[in-house]
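New to this one? Here is a quick briefing to read alongside the sequence and the model.

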Amino acid sequence: MFYNKPSILLFALSGWLSLTAAVAQTLRPPAYPLITHDPYFSIWSNTDQLTDGPTRHWTGRPHSLEGIVRVDGKSYQFLGAPPTLYQALLPTGENKAYDALYTTTKPSAGWEQPDFIPQGWKTGSGPFGDSPASRTPFHNGKIDKDGIFIRREFNYDGQVDASKLLLTLINDDDLTVYLNGTRIFTKPCCAGEYIYSPLSAEAQKALRKGRNVLAVHCISPVGESFVDVGIVSVVPTAQAVTATQKKATVTATQTSYVFTAGPVELDVNFLSPLLMDELEVAARPVSYVTFSTRSLDNKPHSVQVYFGESALVATNIPSQEVVAETKKDGKLVYASVGTKEQPVLGKKGDNIRIDWGYAYLAVPDAASSVVTGNPDQLKNDFKAKGQLTATSSTVSGTAGELAMATVVNFGNVSGKTTAKHLLLGYDDVYSVQYFGQNLRGWWRRDPATTMLKTLQMAETDYQRLLTKSTAFDKKMYDDATKAGGKSYADLCQLAYRQAISAHKIVAGPKGEVFFLSKENFSNGSIGTVDVTYPSAPMFLLYNNELAKGLLRFIFDYSESGRWKKDFPAHDIGTYPLANGQTYGEDMPVEEAGNMMILTAASVKMDGNPSFAREHWPMLTKWVEFLKRDGFDPANQLCTDDFAGHLARNVNLSAKAIMGIACYAQMAAQLGEQKLADEHFTLARTLARRWMEMSADGDHYALTFDKTVGSWSQKYNIVWDKLLGLNVFPKEVAQKEIAFYLKKQQAYGLPLDSRKTYTKSDWIIWTATMADSDADFKALVDPVWKYANETPTRVPLSDWHETTNAKQVGFQARSVVGGYFIKMLAERLEKGK
């Protein structure tokens, strides 16, 4: 559990008490999970104080939840903050298209100057790029080698102080901005969300009354392309009176806050009951928000709680038109909101939010009401009267100007705690497209299932799931502490909801479980094998059916003949369209080794080889590839090639050897002992060759070329220990661990000798290779320090800089499920 202040937390929810023991530490999450179900229905707070900013989708866009408690007529904001409003001097295309001159051919010198004559340039609407939010095409360096050059004219009347102006932009990748010929901003790489930067002194000096020219150059070497730049100023708004936040607690399935508002204490609990032993519940896209309140002075106080959910939750951008409806059905009062257009599965990509289906806000009290309308008007109504004025049952407007809201009326509260709750849900109608067939979420696989029925089931389950989730949270933390210590346990509970909610559980074409990942802020791929590989330990540990659900579609892709190569695909598309690999480069040895290892691990967890038997011909095809090309890999992409491709990669070779050994183990489980002996012998022979060829004194090298002093984390060898393969002598792991302990930086062990950044999932895998608890802890503690101190406030990034704890890339990814590998090792050890 994470506390802003260590203590014993006693909270009352729905009339029962749960005592959660305090942990003597103060880990501050990089972001706080609030609503976590899948890559689209995922809402976080990126601030330590819940009122310091709007709640956000994991991509960073506001998905605003707001809460106000009214005590004896005085209002205190306790949840979220209204998104900052901007007045555009030069608008971006986030809300409205604009026209600009552009070219994708390098222009002549002086193109950025205000008096330049752009002959032959085209006129197009911004933003520019190849993502769904783009209005004019601009492609990466494979097509538009020079990038894109943009010119926009605007008038400045001098009414707004130049020092108050902000440059707002989003870029993928490298960006340079000029104002009237003066370079005012440069940014390498990319910004996945609009950022706001004060105009520099140079920019303020360059700005003139009257005509101005903003010139932009963006180049995208690889991947998606996107650019949009404007100039805005902040619209002043009145500051709300806020409740005093006393405590914030994050456990595996819950995030809780404690506030005081005048003479009243208010506890707010967000529960996403992602209990993997109940697949139906884990797949159900419904979260609970519970409010518990009591008087601090034992005097009666009138208390009402306002809760609002913005229509932005159901859109990709704020300018989309939405329709909201309010209804009653039995004891449930609810509202739903969705776009007018309803482009089901109409967009794919990375920095994309859902704009089909419907968000729901439901209250289990027929005496209550849920209304829709302008969020500011709703809040002002509540502050003035403590209730909301009923509106039309159907309301429409733009998403940024519409919200659903309810008031939870506690009447007069006393010293005894009173609790009430509400439900938030999302019906995506169809979740993914699989080779042309639209698939429903697992929870909705029966077409007769509706969100209303699901909300009613969730309401019936509320008390049971709250109790069970609290018990699970405590057991998970205790188990993790026993396996790896308190720092390790902290990391596991921080990772739990994030890992699950970066996937979607869907019903496959034959009714089988598919567990499809989204490669969040990496490239948006769906079902990526080298994302599945690090994510899998958590699912192997808690629900092997989900672990197999990570593999089935990759087997099907090859077995169906759609993927014809003799190694597995990298992915099956770009989320949510799983119509075949879209990544531009294969990872032959990487993915073949991954699939072999994970299949063997799943078989081990099952205790029988039926899953391997089902796919034996394909496993045999892949192992033949590994035997031919895996030991001394050619120059090819692997999951660790952030610093560039490598030939003769030693860690990749270790993966191939593990893959061959895993095939041997599965052959033995299938009764094919001769085949097993043959492959075990080969794997052990290759392991000895590996040791000889990569030996570099006190460690093993990065490549078989033995670049002097090179090294890398050999985390793939962890499976030798977990699966009891006995391929590599124990001295290999022992030598490597001793070497790694000399190479650590303040915030972790670098990935390899080329750079100082790292991948935290691989550090935990590497640490699990250690024989001693002390060595495991020595490697894990810097990762805890990173999570606690990173200045990058986003859902946990797995790729960070070990010298300063800053995010390098990625966020909210499923790979943090790999943190659970130490617990998986403990489980497998007990199973012997």
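What follows is a short tour of the cavities, one helix and one sheet. Keep in mind that this is a predicted model. A search of the whole structure turns up six cavities of 30 Å³ or more, and the two covered here are the largest and the second largest.

**The largest cavity**

- The space inside the largest cavity comes to about 100 Å³.
- Its lining is made up of 18 residues. If you want to find the centre of this cavity, look for C638, D640, N649, N651 and S712, which lie nearest to that point.
- Helix 12, which covers residues 650–669, gives the most to this lining, with three residues.
- Sorted by class, the lining of the largest cavity splits into six nonpolar, six polar and six charged residues.

**The second largest cavity**

- Next comes a cavity with a volume of about 80 Å³.
- Its lining draws on several parts of the numbering: H37 and D38, then A282, A283, R284 and P285, and after those I500, H503, K504, I505 and F515.
- Two elements each give two or more residues to the lining of this second cavity, namely helix 2 (279–283) and strand 35 (503–507).
- Of these, strand 35 has the largest share, with three residues.
- By class, the second largest cavity is lined by six nonpolar, two polar and three charged residues.

**A covered helix**

- How many residues of helix 16 are buried? The count is nine of nine, so to speak a full house, for this helix at residues 760–768.
- The buried residues in helix 16 include the tryptophans W762 and W765, along with I763 and I764.
- Also buried in helix 16 are S760, D761, T766, A767 and T768.

**A three-stranded sheet**

- Strands 4, 5 and 6 make an open sheet, lined up in the order 4-5-6 with antiparallel pairing.
- Why do strand 4 (32–36) and strand 6 (56–57) each have one side without a neighbour in the sheet? Both stand at the edges and have a single partner strand each, so one side of each is left free of a neighbour there.
- Strand 4 and strand 5 (residues 42–45) run antiparallel and are joined by four bridges.
- To see where these two strands face one another, pick out T36, which stands opposite S42 in strand 5.

Technical notes. Residues numbered from 1 in each chain as written. Predicted model: local features only at pLDDT ≥ 70, side-chain atom pairs only at ≥ 80, totals over all residues. Heavy atoms only, no water. 1 Å grid on protein atoms, 1.4 Å probe; cavity = no way out; pocket = protein on both sides within 12 Å on 5 of 7 lines; lining within 4 Å. Points joined across faces, edges and corners; volume = space filled by probe spheres on them. Nonpolar A, V, L, I, M, F, W, Y, C, P; charged D, E, K, R; others polar. Buried < 20%, exposed > 50% of the residue type's maximum accessible area, 1.4 Å probe, protein only. Pairing = 2+ DSSP bridges.
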